[in-house]
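User: Could you walk me through this one? I'd like to go from the strands to the metal.

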Amino acid sequence: MTDRNGIRRWARQQRSALSPTEQDQAAKAAAQQALGLTELAGATTLALYLANDGELDPQPLLDALAGAGKTVLLPVLHPFVPGHLLFMRYQRGEAMTLNRFGIPEPQLDVRKVVPVSDIDVVFTPLVAFDDAGHRLGMGGGFYDRSLASYQGLVVGLAHDCQQHPALPVASWDKPLSLIVTPKGIKRFRS
Ligand SMILES: Nc1ncnc2c1ncn2[C@@H]1O[C@H](COP(=O)(O)OP(=O)(O)O)[C@@H](O)[C@H]1O
Ligand SMILES: [Mg+2]
């Protein structure tokens, strides 16, 4: 099973087999792992996401970072550049809207958009990862495009069951700097 869509199906099945309790425990464990990262100490602006489709839920991490006074951002689909994301300052409880993929996102407000180059750490969702730091997403290439020239830290968040032995890699795939799972942290590049 080496084709990208076959791996996506396999990994999405793996993570969707987790119970709500397992998801909850995984989210808390991964938050603890991530909060131990030395790279986070100096970071002030961090992008996260809202969990969808069995993704590891960053909410406990988001709450902890926001509680520590950090600026947290969420992605929104770019309104006119196809395939790109914008990152917007987010405060818990603010009004959300469903985008065309049915994923909740903050309502677009240009005053809250932060340029990608001003973000210290981007936590990305993913469908599968491997032990070389390759990342497979849902197939839209949104993070690859939006982070193509990004120099900051790209941290994958995932369940351990989403690890694949060796992902096929494309020239445009943005590699992960490190990956955080409930079991631990793997570093690839800084
Ligand atoms: N930086 C980029 N520039 C142009 N097209 C891109 C870029 N990154 C990704 N794409 C396109 O997006 C599509 C999906 O990318 P893929 O890496 O398969 O998705 P994902 O990263 O979500 O798994 C590909 O067909 C690819 O051509
Ligand atoms: Mg990709």
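Analyst: Sure, here is a short run through the sheet, its helices and the metal site; keep in mind that this is a predicted model.

User: In what order do the strands of the sheet come, and which ones stand at the edges?

Analyst: It's an open sheet of eight strands with mixed pairing, ordered E6-E3-E2-E1-E7-E10-E11-E12. An edge strand has a single partner, so one of its sides is left without a neighbour in the sheet. That picks out E6 (113–114) and E12 (184–187).

User: Which residue of E2 stands opposite Ala47?

Analyst: Ala47 belongs to E1 (residues 45–47), which runs parallel to E7 and is joined to it by two bridges. On that side, Ala47 has Val122 as its bridge partner in E7. E1 is also parallel to E2, through three bridges, and there the residue opposite Ala47 is Leu73.

User: What handedness does the unit of E1, H3 and E2 have?

Analyst: Helix H3 (residues 59–67) packs on the sheet, touching E1, E2, E7 and E10, and its direction makes about 135° with that of E2. Six of the seven residues of E2 are buried, so this strand is largely enclosed by the rest of the structure. Together, E1, H3 and E2 form a β-α-β unit that is right-handed.

User: Which residues are the protein donors of the magnesium ion (ligand 2)?

Analyst: One donor sits in helix H4 (residues 142–146), the other in the loop between E10 and E11, 29 residues apart. Both are buried. Each gives an OD atom, lying 2.0 Å from the ion: Asp144 and Asp173.

Conventions:
Residues are numbered from 1 along each chain as its sequence is written. Chains are lettered from A and ligands numbered from 1 in the order in which they are written. This is a predicted model: local features need pLDDT of at least 70, side-chain atom pairs count only at pLDDT 80 or more; totals for chains, interfaces and linings use all residues. Side-chain values use heavy atoms; hydrogens and water are left out. Donors are N, O and S atoms within 2.8 Å of the metal (3.2 Å for Na, K and Ca); water is not among the atoms, so sites may look incomplete. Helices (H or I, at least four residues) and strands (E, at least two) are DSSP runs, numbered from the N terminus. Buried means under 20% relative accessible area, exposed over 50%, partly exposed in between (1.4 Å probe, protein chains only). Two strands pair if DSSP finds at least two bridges between them. Contact means heavy atoms within 4.5 Å. Axes are lines fitted to C-alpha atoms, for helices over the stretch in contact, and angles run from 0 to 180 degrees between N-to-C directions. A crossover is right-handed if, with the strands pointing away from the viewer, the path from the first strand over the helix to the second runs clockwise.
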